[in-house]
Amino acid sequence: MPVKAYTSIEICKEDLKFSGAHFTIFSATDRERLHGHNFKVSLLVTADVGDNGMCFSYVEIKSRLRKLCARLDEYTLLPAESPYMRVVERGNFYIAEFNGEEIPFLQSDTLVLPVRNTTVEEFARYLLELLLTDAPFIEGNEIRELVMKVSSGPGQWGSASWTRD
């Protein structure tokens, strides 16, 4: 019986990164101080091997990943879906309301993301969901599985995965 062969390729280049300021929210009353990281991004892609011995064009996926990173680069990142913090607009500012504090951020320097917290786990899920909207790439290359990983420093990665039904 013939075996269907899939191959996994990991794309983890030095320039697949974004710099961002954030703070993790631990509870209704506890959060980190605002600080920043140089977040690294990696993607593991499992796909069919084509007749040419390749799964897909590495140039295509690296280009897509660079664009995703550029969307987040050099912003303060705030969670829109936190159960403990509310973000409101006031003039040219976003005001993060947390535990009786009002923390102002210039809108031009800030992204309010559809995440629950600004953690590597949530960034990985968010970036994976953005990549999955690229149906021509996913369908055109018969992608079987994706694992998006985001790191805030050496030895600390969060990941999110998708598998074709």
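Is Arg-31 buried, exposed or partly exposed, and what is its relative accessibility? In this predicted model, Arg-31 counts as partly exposed, at 24% relative accessibility.

Select Arg-31 together with Glu-101, and a salt bridge appears whose closest N and O atoms are 3.4 Å apart. This pair links distant parts of the chain, since Glu-101 sits in strand E7 while Arg-31 belongs to the loop between strand E2 (17-22) and strand E3 (35-48), 70 residues away. Glu-101 is also partly exposed, with a relative accessible area of 36%.

From Glu-101, widen the selection to strand E7 (residues 101-106), which runs antiparallel to E6 and is joined to E6 by six bridges; here Glu-102 is the bridge partner of Glu-97. In the turn of the E6 and E7 hairpin, which leaves two residues between the strands, Asn-99 has a positive phi of about 50°.

Next, step across to strand E5 (residues 85-90), which is antiparallel to strand E6 (residues 93-98) and joined to that strand by six bridges, with Val-87 opposite Ala-96. The hairpin of E5 and E6 likewise has two residues between its strands, and Gly-91 takes a positive phi near 60°.

Now select Lys-149 and Glu-10, which form a salt bridge with the closest N and O atoms 3.7 Å apart. Because Lys-149 lies in strand E9 (residues 143-153) and Glu-10 in strand E1 (residues 6-11), the pair ties together parts that are 139 residues apart in sequence.

For a pair within one helix, turn to H1 (residues 58-72), where Arg-64 and Glu-60 lie four residues apart, about one turn of the helix, and form a salt bridge at 3.6 Å between the closest N and O atoms.

Finish with Arg-116, Glu-122, Arg-125 and Glu-129, which are linked in a network of salt bridges.

Technical notes
Residues numbered from 1 in each chain as written. Predicted model: local features only at pLDDT ≥ 70, side-chain atom pairs only at ≥ 80, totals over all residues. Heavy atoms only, no water. Pairing = 2+ DSSP bridges. Salt bridge = Lys/Arg side-chain N within 4 Å of Asp/Glu carboxyl O. Buried < 20%, exposed > 50% of the residue type's maximum accessible area, 1.4 Å probe, protein only.
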